[in-house]
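Me: I've got a model open and want to check a few of the terms people use for it. Mind going through them with me?

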Number of protein chains: 2
Amino acid sequence: MFPSAASPAACPTLGTPRGARARAAGAAAPARPALAERIGRSLELLQRQVPMTRRLLRAGDLVYRAGDALDCLHVIHFGCVKTVNMAPDGREQVVGLHFKGDWLGFDGIAAGQQGCDAVALDLSEVWAISYATLLKACAGDPPLLALVHAAMSREISRDRESMLSLCTLPADARVADFLRGWADALAERGLRTDQITIPMTRAEIGNYLGMKLETVSRALSRLAREKLIAFSDTGRRDLHIPDVGALVGFVQRSLGGEGATLVH
Amino acid sequence: MFPSAASPAACPTLGTPRGARARAAGAAAPARPALAERIGRSLELLQRQVPMTRRLLRAGDLVYRAGDALDCLHVIHFGCVKTVNMAPDGREQVVGLHFKGDWLGFDGIAAGQQGCDAVALDLSEVWAISYATLLKACAGDPPLLALVHAAMSREISRDRESMLSLCTLPADARVADFLRGWADALAERGLRTDQITIPMTRAEIGNYLGMKLETVSRALSRLAREKLIAFSDTGRRDLHIPDVGALVGFVQRSLGGEGATLVH
DNA sequence: CGATGTGTTGACCGGGTTCAAACAATGTGG
DNA sequence: CCACATTGTTTGAACCCGGTCAACACATCG
């Protein structure tokens, strides 16, 4: 159950690398070699330019905890990590899902301490990078700095996509959009999107999407009934997505023709 | 109606600088001179180190449009700007509110083009800063780089606070939390928080908070009925907030004692 | 085996949306 | 100046989506 010999950047359980099989799977989303290469090259550049320590984590392990001093940023080499924000009164909110090539800890830079818990959802490897060292390395290395800024920028963009989905989509469509987003994340990384595993409970998904676990369950059942997804016989967390594009169509349809425009 | 002679960093209509009057206003939130100074000093540093062009905007003016090439980042010198995200299908979502000292455009760095529309909500001045020039300036100036990173980091933190509020609070509490957030933003900038003006329609507020304009209106009416806010006689957008802390209490109370914890 | 954690489904209820009406604020042109 | 249109706000009444509560199925694990 270790990454060991196989293709070092492929997550063992989240997905398998695209290959002949993926191409045979009919309507699977097209591969995005450009993006996948970007992530791979970024990781290589990073590995060459800045010292780091690798950490292997199993599902449930903490990468860091909110309040920890921000000595290090982390980059995911493979696997899947959630970030959980907490209010002083105890409310918890899954605010982000992060995959290979994503950075963790940007939100803590300003305060000098981590703003969220980061928890591995699956067997994952992260690279811990001293922030101070990273800054020094960036000073004399514009491409490296650009890489870091691009990662922060994407983080902001993704958060805003989440807000858009949270505020404008009804529950079923939100779940469909969540699956589409997950599949897109895998596609960007060169993994197959027709057969995916969501290593989260219904409660976690619901928390992330702003709904209750029963609603998530019902939404998934409905999507399955409409043949947009199918449950694998191996477990309720393994999904078959025959056509990612159809999920987008479902979202559109559930908006009833009109995306509410703010300005006339 | 120009900023002209008066205290150059005070927004003419959003709020008035704290002074003897603010202190006399009973339970108004305590001033935060440290934070206010940080923002002021950041703007000074920026002004010294990098060239910029000033732009004065009136309510409704566009700072930039989604899709514009990302030549410049913008920093708000005074005023108030909203950022609006749009889905391909036409859904629009107000994803951020920005005040003096905040940056605009971070979300566009990765793609090389703006990801949102940015629209002034009130008379505002922004400084346009060439991103390429900024990067060069940062290379030899660690404090400047730290300043930029801190701004990006706070942006991410704020987005996550929004998600927390969107996902965990009922409508009334969300409106209360919105007002608290607005008052906090003013307090951080050394402005009075007992008398505030929200230069947005109910529809805009509702869009930002993920609810309908009628719900916003009802929530405000209820908050007024409970004496947590009072409408000024000058208009429905001018609010008197006798005690910002009471808004926090209202949020807590509306959670019914328990902030739903995800882990046992 | 029972115990525990997870997922599904049904019945009911309530908060928020929808639809509608009325009012307020502002501006426009005669 | 007033009649009128336009935009924004408030409030009511009915409806419905999603939450709540509950029962049950199905794993895994001691």
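Me: What makes α4(A) a mostly covered helix?
Reply: Bear in mind that this is a predicted model. Buried means under 20% relative accessible area, and 19 of the 27 residues of α4(A) are buried. That's why we call the helix mostly covered.

Me: How do you know that helix α4 of chain A has the span expected for its number of residues?
Reply: Residues 142-168 reach 39 Å from the first C-alpha to the last, and at 1.5 Å a residue you'd expect 39 Å. The span is therefore close to the expected one.

Me: Why are the two copies said to be related as by a two-fold rotation axis?
Reply: Chain A lands on chain B after a rotation of 180° with 0.0 Å of shift along the axis, at an RMSD of 0.0 Å. The copies are thus related as by a two-fold axis. In chain A, the residue closest to that axis is A:Ala139, its C-alpha 2.4 Å away.

Me: How do you know that the copies meet through the same surface?
Reply: 100% of chain A's interface residues are interface residues in chain B too, so the surface is the same.

Me: What makes B:Ser221 a polar contact of DNA strand D?
Reply: The cut-off is a pair of N or O atoms within 3.5 Å. A polar side-chain atom of B:Ser221 sits 2.6 Å from a phosphate oxygen of the strand, so the pair qualifies. B:Arg237 also has a side-chain N or O atom 3.2 Å from a phosphate oxygen, while A:Glu214 places a polar side-chain atom 3.2 Å from a base nitrogen.

Technical notes
Residues numbered from 1 in each chain as written. Chains lettered and ligands numbered in written order. Predicted model: local features only at pLDDT ≥ 70, side-chain atom pairs only at ≥ 80, totals over all residues. Heavy atoms only, no water. Least-squares fit on C-alpha atoms with pLDDT ≥ 70 in both. Contact = heavy atoms within 4.5 Å. Helix = DSSP H or I, 4+ residues; strand = E, 2+ residues; numbered from the N terminus. Buried < 20%, exposed > 50% of the residue type's maximum accessible area, 1.4 Å probe, protein only. Polar contact = N/O pair within 3.5 Å; in protein donor to acceptor, adjacent residues only side chain to side chain.
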